[in-house]
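Here are my notes after a look through this one. Have the viewer open while you read.

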Amino acid sequence: MRVMGVDPGLTRCGLALIETAPGRAVTALDVDVVRTSADEPLERRLRAVHEVADEWMAVHRPDVVAIERVFAQNQVSTAMGTAQAAGVVAMAAAYRDIPVAFHTPSEVKAAVTGSGRADKKQMTLMITRILGLQKPPSPADAADALALAVCHSWRAPMQGRVAALDAQVSRSRAGFQAKVVKGRAAATEAADAGRTRGGSGSADQERARAAARAMARTKGVRW
């Protein structure tokens, strides 16, 4: 499986491509950083990010694109730019029918280092070891993009198993509920049939009593 990792950003957007092997073996195939100037209009900066990301997808043909999820940052303007960059990359993937997965920074840190609170230095050191690189990837956006790709390659199988188990549980629950509904319907039908039979029996008994009274009257018997 080929995973394209994206560390979104307007000033610097990290892109990375890895290939997975059986087990947890991963190999780095390519890495790059898209840079745009803050002096350029927003739409041009977004177009630049989109064009490079789309070119990457056309050339490398990844099976999935893993993008960092933007959930909170101290500077709102920075968060907005990061979210916008993530959006244009996701859109490029959607146009090529490539699945997109989002991972939070803490998920990536936990997957790569074992701690959701690891700093940039720890992340770079671990990703260098995991991929067997001769030197640490630079700048940090490149290392983050590689980490995102590695995170997804390791988490995706587990997430798939969890999703399969959830689907199995849902099917079992639906089957149980169907049996319950069917059982209730059968019980209601049986009860209705019983009441119908009971009503018919009472009517027959009343008719028999009426016939007996009529016969008794003909014989002079008073009730």
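The points below go through the sheet, one helix and the cysteines.

1. Before anything else: this is a predicted model, so read every value here as computed from predicted coordinates.

2. Start with the sheet. Five strands make up an open sheet, ordered E3-E2-E1-E4-E5, with mixed pairing. Its edge strands are E3 and E5 (100-103), each of which pairs on one side only. On average, neighbouring strands are turned by 20 degrees against each other, if you ignore direction.

3. Now the E4 connections. E1 and E4 run parallel and are joined by four bridges; Val3, for instance, has Val64 in E4 as its bridge partner. E4 and E5 also run parallel, again with four bridges. If you want to check the register there, Ala66 has Ala101 of E5 as its bridge partner, and Ile67 has Phe102 of E5. As background, strands in a sheet pair through backbone hydrogen bonds, in either a parallel or an antiparallel way.

4. How is E4 (64-68) covered on its two faces? Val64, Ala66 and Glu68 are buried on one side, and Val65 and Ile67 are buried on the other. That makes five of five residues buried, so E4 is largely enclosed by the rest of the structure. Note that Glu68 is on that buried list, which you may want to look at in the viewer.

5. Next, helix H1, residues 42-60. With 19 residues at 1.5 Å a residue, H1 should span 27 Å, and its end C-alpha atoms are indeed 27 Å apart. Right after the helix comes Arg61, with a positive phi near 50 degrees.

6. Which residues of H1 are buried? They are Arg45, Leu46, Val49, Ala53, Trp56, Met57 and His60. Looking down the axis of H1, these buried residues fall within an arc of 105 degrees, so they line one face of the helix. Glu43, Glu55 and Val59, on the other side of H1, are exposed.

7. What covers the buried residues of H1? The cover includes strands E1 (2-7), E2 (12-20), E3 (26-35) and E4 (64-68), along with helix H2 (76-95). E1, E2, E3 and E4 are also members of the sheet in point 2.

8. Last, the cysteines. Cys13 is buried, at 0% relative accessible area, and Cys151 counts as buried too, with 0% relative accessibility. A search for disulfides over the whole structure turns up zero.

Conventions
Residues numbered from 1 in each chain as written. Predicted model: local features only at pLDDT ≥ 70, side-chain atom pairs only at ≥ 80, totals over all residues. Heavy atoms only, no water. Disulfide = S-S within 2.5 Å. Buried < 20%, exposed > 50% of the residue type's maximum accessible area, 1.4 Å probe, protein only. Expected span 1.5 Å × (residues − 1). Arc of directions from axis to C-beta. Contact = heavy atoms within 4.5 Å. Pairing = 2+ DSSP bridges. Axes fitted to C-alpha atoms, helices over the stretch in contact; angles between N-to-C directions.
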